[in-house]
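Good morning, and thank you for making time for this item. I would like to take the group through one structure, beginning with its pockets and ending with its cores. Please have the display in view.

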Amino acid sequence: MEKINFDESTHTYRRDSLIVPSVTQILQAAGLIDFSKVNPTVLEAARKFGIATHLTCEYADKKILNENTLDNNLRPLLYAWEKFKVDYKAEVLSIEEIVYSNIYDVAGRLDRRALIRGRHAVLDIKTSSETYPANAIQLAAYQGIWNEKKPAIEKILDRLTVSLFSDGTYKVEPHKNKQDWPVFLSARNIALFKKEHL
């Protein structure tokens, strides 16, 4: 497998010294993700809260979270995440795992790869009350990249968006449309065309 380096500060993936486009960048370039109409202050606050939530869940999954230092605003979301794992019999296999496609030269980072009731799944953790159609495409990209050279027993079968809410509840949205992966490949082609010609 190719060695991919990720620069957190610039959200840049590199293979050797070459920059590799990310799944999110491709979806943005193709126009499937667009936050340009969202108030920048609101967007930044949501981004920071999302990062804090992801770190909370990550530390909890790694069993290194000190709940005594946890902000009260994050406690209900942690409770929701823990409840989801119990309810869905989720066994976390990897956290923030970087994946890369040799075929399509694209990289990404999975929030979670897990066994859900015994089936391999990729999970995306959200803190927004609404989900977007591009979530399904993003997860299809991660699934396709992960499955690229894996034996059947390791292939990801399911894609789930797990939304965590401030009242301690959660919502799971499964994505089953088999056209989501072809849509991502089309988005990749559009993004490459725009980069080369526009």
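By class, the lining of the second largest pocket comprises eight nonpolar residues, one polar residue and three charged residues. Please bear in mind throughout that this is a predicted model. The volume of this second largest pocket is about 260 Å³. Its lining is made up of Ile19, Val20, Pro21, Gln25, Ile26, Ala29, Tyr104, Asp105, Arg188, Ala191, Leu192 and Lys195. Three elements, β3 (18–20), α1 and α5 (180–197), each supply at least two of the lining residues. The largest share comes from α5, with four residues.

I turn next to the largest pocket, which holds about 1600 Å³ of space. Its lining consists of 43 residues, and those that lie nearest its centre are Phe35, Arg47, Gly50, His54 and Lys126. Which elements each supply at least two residues of this lining? They are α1 (23–29), α2 (40–61), β5 (106–116), β6 (119–126) and α4 (133–147). Helix α2 gives the most, with 12 residues. In terms of residue class, the lining divides into 19 nonpolar, 13 polar and 11 charged.

Let me now move to the strands at the start of the chain. Strand β1, residues 4–7, pairs with strand β2, residues 12–15, in the antiparallel sense over four bridges. Within this pairing, Asp7 stands opposite Thr12 of β2. The hairpin of β1 and β2 has four residues between the strands, and His11 takes a positive phi near 50 degrees there.

Strand β2 also pairs with β3, again in the antiparallel sense, and this pairing runs over three bridges. Arg14 has Ile19 in β3 as its bridge partner. Ile19 has already appeared in this talk, as one of the residues lining the second largest pocket. The hairpin of β2 and β3 has two residues between the strands, and Asp16 in the turn has a positive phi of about 60 degrees.

A single loop residue deserves a moment. Lys155 is placed in the loop between α4 and β7 (158–164). Is Lys155 buried, partly exposed or exposed? Its relative accessible area is 27%, so Lys155 counts as partly exposed, given that the partly exposed class lies between 20% and 50%. Beyond its neighbours within four places in sequence, Lys155 is in contact with His120, Trp146, Asn147 and Lys150. Of these, His120 is 35 residues from Lys155 in sequence, and their C-alpha atoms are 6.7 Å apart in space.

Finally, the interior. The largest nonpolar core has 20 residues, of which Val23, Ile26, Leu27, Val106, Val122, Tyr142 and Phe184 touch the most other members. Elements α1, β5, α4 and α5 each give two or more residues to this core. The largest share, seven residues, comes from α4.

Val106 offers a view of these surroundings. Setting aside neighbours within four places in sequence, Val106 is in contact with Val20, Pro21, Ser22, Val23, Ile26, Val99, Tyr100, Ser101, Ile145 and Phe184. Apart from the largest core lies another core, of 16 residues, including Ala90, Ala114, Ala121 and Leu164.

One link back to the pockets may be useful when you look at the display again. Ile26, named among the core residues that touch the most other members, also lines the second largest pocket. Thank you; I welcome your questions.

How values were computed
Residues numbered from 1 in each chain as written. Predicted model: local features only at pLDDT ≥ 70, side-chain atom pairs only at ≥ 80, totals over all residues. Heavy atoms only, no water. 1 Å grid on protein atoms, 1.4 Å probe; cavity = no way out; pocket = protein on both sides within 12 Å on 5 of 7 lines; lining within 4 Å. Points joined across faces, edges and corners; volume = space filled by probe spheres on them. Nonpolar A, V, L, I, M, F, W, Y, C, P; charged D, E, K, R; others polar. Pairing = 2+ DSSP bridges. Buried < 20%, exposed > 50% of the residue type's maximum accessible area, 1.4 Å probe, protein only. Contact = heavy atoms within 4.5 Å. Core = buried A, V, L, I, M, F, W, Y, C linked by side-chain atoms within 4.5 Å.
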